[in-house]
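Work through the following exercises with the model at hand. Each task is followed by a solution in steps.

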Amino acid sequence: MKYLIAGLGNIGPQYELTRHNVGFLTLDRLADVKGLPWESDRLAFTSYYKHKGRQIHLIKPTTYMNLSGKAINYWLKELKIEPLNLLVIVDDFALPFGSLRMRPKGSAAGHNGLKNIEETLGTQVYARLRFGIGDDFPKGKQVEYVLGRLSEPELAELPLIMDRAISMTESFCTIGIQQTMNQYNQ
């Protein structure tokens, strides 16, 4: 069984530790924990490992957030992976910081990365791991908040939250989305 795990974010040092990049940061942590190298490949940074008999392919799209669907679509086809075996790790300000929720499908809820994936794949039916970044911003300052750097307290909490996200990702690949949601969703 093959799986594609896509962590969403924006490339470039100015975005590195921003709330919008928690998908990238989570996959970076996974690669560090597993000792995996990243390769610069077509439309994404890629990595790969095996876990409990599953082939897990990781991508960090280099298309920028708003064109994430282009990279995901390319890699699904290139690796011959069905959208049911796709998991997208994405920031979500509708959830409190550190809250993690997996869903088998859903709307983009205004998230431009998810909107583009939905448009490119032609479906809302793909798993996503929503990583709560909170909504501690004044009215009209959503973009500044999402693209803002994580605070020191958030950075201190981040490793434990990312470790939980990694456990959820591997659970998705081994026991499936329903059992993973039952076990982990907060």
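**Exercise 1.** Find which residue of S4 stands opposite His-51, and describe how S3 and S4 pair in this predicted model.

Solution.
- Step 1. The residue of S4 opposite His-51 is Arg-54.
- Step 2. Further along, Tyr-48 has His-57 in S4 as its bridge partner.
- Step 3. In total, eight bridges link S3 (residues 44-51) with S4 (residues 54-61), and the pairing is antiparallel.
- Step 4. Two residues separate the strands of this hairpin, and Lys-52 in the turn has a positive phi of about 50°.

**Exercise 2.** Describe how S2 is joined to S3.

Solution.
- Step 1. S2 (residues 39-41) and S3 run antiparallel and are joined by three bridges.
- Step 2. One pair is formed by Ser-40 and its bridge partner in S3, Phe-45.
- Step 3. S2 and S3 also form a hairpin with two residues between them, where Leu-43 in the turn has a positive phi of about 65°.

**Exercise 3.** Give the strand order of the sheet and explain why S2 and S6 each have one side without a neighbour in the sheet.

Solution.
- Step 1. The sheet is open, has seven strands with mixed pairing, and follows the order S2-S3-S4-S1-S5-S7-S6.
- Step 2. S2 and S6 (100-103) are at the edges and each has a single partner strand, so one side of each lacks a neighbour in the sheet.
- Step 3. From one strand to the next, the twist averages 25°.
- Step 4. H1 lies across S1, S3, S4, S5 and S7, and runs at about 135° to S4.

**Exercise 4.** List the buried residues of H3 and state what they pack against.

Solution.
- Step 1. In H3 (residues 112-121), the buried residues are Gly-113, Leu-114, Asn-116, Ile-117 and Leu-121.
- Step 2. These residues are on the same side of H3, because they cover an arc of only 160° around the axis.
- Step 3. They pack against H2 (68-79), S5 (86-92) and S7 (127-132).
- Step 4. After H3 comes Gly-122, with a positive phi near 75°.

**Exercise 5.** Is Arg-19 buried or exposed?

Solution.
- Step 1. Locate Arg-19 in the loop between S1 (2-7) and H1 (22-34).
- Step 2. The relative accessible area of Arg-19 is 9%.
- Step 3. Buried means under 20%, so Arg-19 is buried.
- Step 4. Leaving aside neighbours within four places in sequence, the contacts of Arg-19 include Asp-91, Ile-133, Tyr-145 and Glu-154.

Note on methods
Residues numbered from 1 in each chain as written. Predicted model: local features only at pLDDT ≥ 70, side-chain atom pairs only at ≥ 80, totals over all residues. Heavy atoms only, no water. Buried < 20%, exposed > 50% of the residue type's maximum accessible area, 1.4 Å probe, protein only. Helix = DSSP H or I, 4+ residues; strand = E, 2+ residues; numbered from the N terminus. Arc of directions from axis to C-beta. Contact = heavy atoms within 4.5 Å. Pairing = 2+ DSSP bridges. Axes fitted to C-alpha atoms, helices over the stretch in contact; angles between N-to-C directions.
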